[in-house]
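User: I would like to go through a structure slowly and ask how each description is justified. Could you set the values against the definitions as we go?

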Amino acid sequence: MPRVLAPTGSPVSAAELGHWLTALLTGQDPRPAFAEAICQHFSVPHCHLFSTGRAAMSFLFGCLAEMNNDPARTEIVVPAYTCYSVASSALMAGLHVRVCDIDPDTLSYDLEQLRSIDFSRVLAVTTANLYGMPDNLPEIDSITREHGVFLVDDAAQSMQARIAGRFSGTWGIAGLFSLDKGKNITAIQGGMIVTENNELENIIVQRYSRLPENGHVSNIKEYIKLLVYFSLLHPSLYWMPASLPFLHLGETRYEDDYPINRLPRTLAAISNHQLSRVEAITAIRLGNAERYIQTLGNTSGPGRFSIIDGAEPVFLRYPVRMKDKQARRNFLGEYAGLGVTASYPQSISDVEEIRSVIRIQNEQTPNARQIAREIVTLPTHAYVRPGDIENICKELVSATHG
Ligand SMILES: Cc1ncc(COP(=O)(O)O)c(C=O)c1O
């Protein structure tokens, strides 16, 4: 059978599946212990668990609007190149999206453009920390403080990364983590909000008490997903789900009809155990990223991104830039089975479903558009072997010159 790598798998261990089964059979609720473990790990006083990261984000924006209580402040500033769910979370909360272009060298905000925003309408600025590389959080933090707007630190892809010695996800008024399948630790699905702010916490607690649990049908679907994921993520079996087009694996689609629920209790058993090995999971990713860096270091292959001074990335994936769309097409055509992907196909400013309702700072996002044409992300997870990295790098170099 062909060896096929998932782009962003986080293997679930048999022990973790055992914890999940125990919680399922005994009716235990491991969520309070998991939330407490997150608080200890990130040294934050408050953590709340949700059905998905996007649900957590939409919920958080609603809480921030209530806390700010200024009807003129309805805009959420979103990086022009990030997960489409960030924009949909703001729109689902009844707010407006203002897209701000990025720095193509780091994927963090273009700080000049961020500073040029009319902040009188802004409620919050969100970060992206894509592929586990911290944004320029100290600068973004200082801009938001200067203008008296909230900073939401989106660490969906960057759990365990740091900048200036501080964890991504703990900057600003609140941080967001995702527990979805490809994230640093997973529960198959899930999201978390962490905050140190007691006023925000009071609003969160009130609203959270009214949130429903996932329905039975949705839970059963998650259980099936979990078992399929657990058994088929291995490279000798991943060809099976990868060949089923209706699973839409690796595709980015705009979604805005997700429920805002609590994290299903049994899934917290998995993520709690994964949290206890987050350092080991991260070390594997960093080791694989280092191998890409070393192997590509002596070649005139694809472009690399710069890491911001003081940042300690976790490389959920290792991103590179092809010289143009054609070079990328050549490469992806050759190496589709080795977990390489083109990431988000468009800038947020070009997403068909929302193009007409979003606001674009300076009316265009050329840097994000260029990145959307050129970026390729390489897998760093535990199933990637040194030989895979050699092969991927060889093909990257030849596609760059071909
Ligand atoms: C940067 C970013 N923010 C938010 C989300 C939403 O998280 P979830 O998939 O858990 O809804 C994602 C998901 O991939 C993401 O990459």
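**Reasoning from values to descriptions**

Analyst: Let us begin with His401, which, once its neighbours within four places in sequence are left aside, is in contact with Ser300 and Lys323. The model is a predicted one, and His401 has its place in helix H14, residues 386–401.

User: What makes Ser300 and Lys323 count as being in contact with His401?

Analyst: Contact means heavy atoms within 4.5 Å, and His401 meets that condition with Ser300 and with Lys323. A C-alpha distance is another kind of value: His401 and Pro302 are 9.2 Å apart in space, C-alpha to C-alpha, and 99 residues apart in sequence.

User: How do you know that Gly53 has a polar contact with the ligand?

Analyst: The cut-off for such a pair of N or O atoms is 3.5 Å, and a polar backbone atom of Gly53 is 2.8 Å from an oxygen atom of the ligand, so the pair qualifies. With Arg54 a polar side-chain atom lies 2.6 Å from a ligand oxygen, and with Tyr344 a polar side-chain atom lies 3.4 Å from a ligand oxygen, so these pairs also fall within 3.5 Å. Of the accessible area that the ligand has on its own, 380 Å², the protein covers 93%.

User: Which residues come nearest to the ligand, and what classes make up its shell?

Analyst: Among the 15 residues around the ligand, those that come nearest are Gly53, Arg54, Asp154, Gln157 and Ser178. By class the shell has 4 nonpolar, 7 polar and 4 charged residues, and helix H3 (53–68) and helix H4 (84–92) each supply at least two of its residues.

User: Why are strands E1 and E13 said to stand at the edges of their sheet?

Analyst: That open sheet is formed by 8 strands in the order E1-E9-E8-E5-E4-E2-E3-E13, with mixed pairing. Strand E1 (46–50) and strand E13 (359–360) each have a single partner strand, so one side of each is left without a neighbour in the sheet.

User: How do you know that E3 and E13 pair?

Analyst: Pairing requires at least two bridges, and 2 bridges join strand E3 (residues 96–100) to E13, so the condition is met, and the two run parallel. Arg98 stands opposite Arg359 in E13.

User: Which strands does helix H2 lie across, and which does helix H6 lie across?

Analyst: Helix H2 (residues 31–42) lies across E1, strand E8 (174–178) and strand E9 (191–195), and runs at about 135° to E1. Helix H6 (residues 137–147) lies across strand E4 (122–126) and strand E5 (150–154), at about 155° to E5.

User: What makes E10 and E12 a pair?

Analyst: E10 and strand E12 (residues 317–321) are joined over 2 bridges in the antiparallel sense, and at least two are needed, so they pair. They belong to an open sheet of 3 strands in the order E10-E12-E14, whose edge strands, E10 (303–304) and E14 (375–379), each pair on one side only.

How values were computed
Residues numbered from 1 in each chain as written. Predicted model: local features only at pLDDT ≥ 70, side-chain atom pairs only at ≥ 80, totals over all residues. Heavy atoms only, no water. Near = heavy atom within 4 Å. Polar contact = N/O pair within 3.5 Å; in protein donor to acceptor, adjacent residues only side chain to side chain. Areas by Shrake-Rupley, 256 points an atom, 1.4 Å probe, with all protein chains shown as cover. Helix = DSSP H or I, 4+ residues; strand = E, 2+ residues; numbered from the N terminus. Nonpolar A, V, L, I, M, F, W, Y, C, P; charged D, E, K, R; others polar. Axes fitted to C-alpha atoms, helices over the stretch in contact; angles between N-to-C directions.
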